Amino acid sequence: MSFSPQDCQYMAKALRLAELGTYTTAPNPNVGCVLVKNGQIIGEGYHQKAGEGHAEVNAVIKAKETGHSVVGALAYVTLEPCSHVGRTPACASMLIEEQVAEVIIAMVDPNPQVAGRGIGMLEQAGIKVRTGLMESAARALNPGFLCRVERKRPFVRLKLAGSIDAKTALSNGESKWITSSYSRSDVQRERARSHAILSTATTVLRDNASLNVRHNELGSLTHQLEQQSLRQPLRIVVDRQQRLSAASQSLNIFKHPKSLWLAGTQLQPQVAADKQFIISDSDQSLSELMQQLAEAEINDVWVEAGANFAAALIKAKLVDELICYQAGKLMGADAQSLIGLEGFTEMNQLNSWQCLETRRVGPDIKTIWIPQAKGA
């Protein structure tokens with residue numbers, strides 16, 4: 001299909017609008033919409049929160065509030081309009097009722113509930129549809145949603161923080177603080193855009209971790225996200241050995257039990273958690289957990305845990321991004337390693353990663369890595 005420079009301009013605007021929902025839309029995808037008539041933008045909107053108006057609805061409302069008729073307009077949408085009625089009406093039906101002339105879509109929705117049905121409804125109603133404009137940019141907006149729908153598991157980002165010599169704690173266990181306050185603030189922003197935070201009972205007990213988003217540490221996001229409307233991620237703790245007992249419920253992690261999920265080899269009815277998952281005590285347990293999280297509509301997971309759990313995720317090929325914070329410190333050979341990988345005897349056995357991004361975070365360096373295919 002052919003697209004004009006103007007088409008690209010309007011879709012780029014829709015993509016920027018979609019980004020505004022990064023911290024609020026889960027489990028729904030980020031979507032933006034721009035309505036154009038006679039060469040002018042008459043309405044724009046984005047999906048802000050699950051259960052509330054979708055991007056197309058908000059754009060139509062905006063157009064009407066400013067006195068514009070949507071009849072005959074072009075609608076630029078970053079994701080195929082939904083065809084099913086859920087918590088909100090079907091957007092495809094709404095666009096048909098509003099008599100738009102054409103819908104330009106960045107990408108088809110892979111969700112089986114939609115998957116071309118929205119496009120079919122529009123075309124049956126006589127509305128012209130074009131797809132594929134800036135599709136790669138649209139996919140980049142929703143890695144978690146797409147991973148859950150297409151690969152049946154959440155998108156997993158593993159956070160690592162260490163020294164120049166890849167150490168994460170001194171030999172006596174002391175680790176506060178290796179990285180700077182700038183990196184810790186950046187971690188809060190990463191937590192805020194995550195659907196869930198995954199850790200282990202070992203980490204929770206060692207650090208008395210809350211695994212929440214601290215509004216006063218969000219840096220530049222502090223004023224963008226109001227504290228009372230800040231979406232706290234779900235906290236998921238793997239506790240295979242039932243270490244989180246009734247006696248440990250004075251820990252910070254239990255102060256908000258309704259956002260706490262536990263995963264273990266058996267249920268712990270005495271522990272105050274909103275939900276519990278059963279996983280086996282096998283090499284497949286983490287894959288089982290990820291499948292169950294996908295079934296619970298968890299799009300993406302931010303992992304903060306110890307070296308052994310990090311290694312287990314990597315060995316299971318469940319890590320989609322490594323997020324590494326490196327401080328300008330040297331901690332020595334007897335310090336604890338960043339990742340507990342071991343047993344390699346040949347170079348071709350090593351995990352290879354491709355660097356996507358490198359930037360300064362205060363005095364530290366942040367790098368983002370993705371798995372590199374063998375032979376790439």
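## Contacts along the chain

Let's start with how the chain meets itself in this predicted model. Of the contacts in the protein chain with a separation of 6 or more, 71% link residues 24 or more positions apart. Burial gives another view of the fold: 48% of the 376 residues in the protein chain are buried.

## Overall build

The protein chain is made of ten helices and 16 strands. Its radius of gyration is 23 Å, close to the 21 Å that the globule rule gives for 376 residues, so the chain is as compact as a globular protein of that length. If you would like a feel for the dimensions, the C-alpha atoms fill a box of roughly 70 × 45 × 40 Å along the principal axes.

## Surface and charge

Turning to the outside, the protein chain exposes about 18000 Å², and carbon and sulfur atoms supply 49% of that area. The chain carries 39 positive and 37 negative charges, and the mean positions of these two sets lie 3 Å apart.

## The cysteines

Bench biochemists often ask about disulfides, and here the structure holds zero of them. Take C33: its sulfur is 8.6 Å from the closest cysteine sulfur, in C91, which is too far for a bond. C91 is in no disulfide either; the nearest cysteine sulfur to its own is that of C82, 3.7 Å away. A disulfide needs the two sulfur atoms within 2.5 Å, so the C91 and C82 pair does not count as one.

Both ends of the C33 and C91 pair are shielded. C33 counts as buried because its relative accessibility is 0%, and C91 counts as buried because its relative accessibility is 1%.

## Two acidic residues in loops

E98 is in the loop between α3 (91–97) and β4 (102–105). Is this glutamate buried or exposed? E98 counts as buried, because its relative accessibility is 18% and the cut-off for buried is under 20%. Leaving aside residues up to four places away in sequence, E98 touches V60, K64, V70 and V71.

D334 also belongs to a loop, the one between β13 (321–326) and β14 (336–337). D334 is exposed, because its relative accessible area is 57% and exposed means over 50%. Measuring from C-alpha to C-alpha would be a handy check in your viewer: D334 and K255 are 36 Å apart in space, with their positions 79 residues apart in sequence.

## Backbone features to look at

Most residues other than glycine have a negative phi, and most peptide bonds are trans. A few spots in this chain depart from that pattern. Which peptide bond is cis, with omega near 10°? The one from A26 to P27 is, and P27 is placed in the loop between α1 (5–19) and β1 (32–37).

K152 has a positive phi of about 60°, although it is not a glycine. K152 is in the loop between α6 (143–151) and β6 (155–162). E297 is another non-glycine residue with a positive phi, in this case about 65°. The loop between α9 (285–295) and β12 (300–303) holds E297, and this residue counts as partly exposed because its relative accessibility is 42%.

How values were computed: Residues numbered from 1 in each chain as written. Predicted model: local features only at pLDDT ≥ 70, side-chain atom pairs only at ≥ 80, totals over all residues. Heavy atoms only, no water. Helix = DSSP H or I, 4+ residues; strand = E, 2+ residues; numbered from the N terminus. Rg over C-alpha atoms; globule rule 2.2 N^0.38 Å. Buried < 20%, exposed > 50% of the residue type's maximum accessible area, 1.4 Å probe, protein only. Contact = heavy atoms within 4.5 Å. Areas by Shrake-Rupley, 256 points an atom, 1.4 Å probe, with all protein chains shown as cover. Lys, Arg positive; Asp, Glu negative; His and termini not counted. Charge placed at Lys NZ, Arg CZ, Asp CG, Glu CD.
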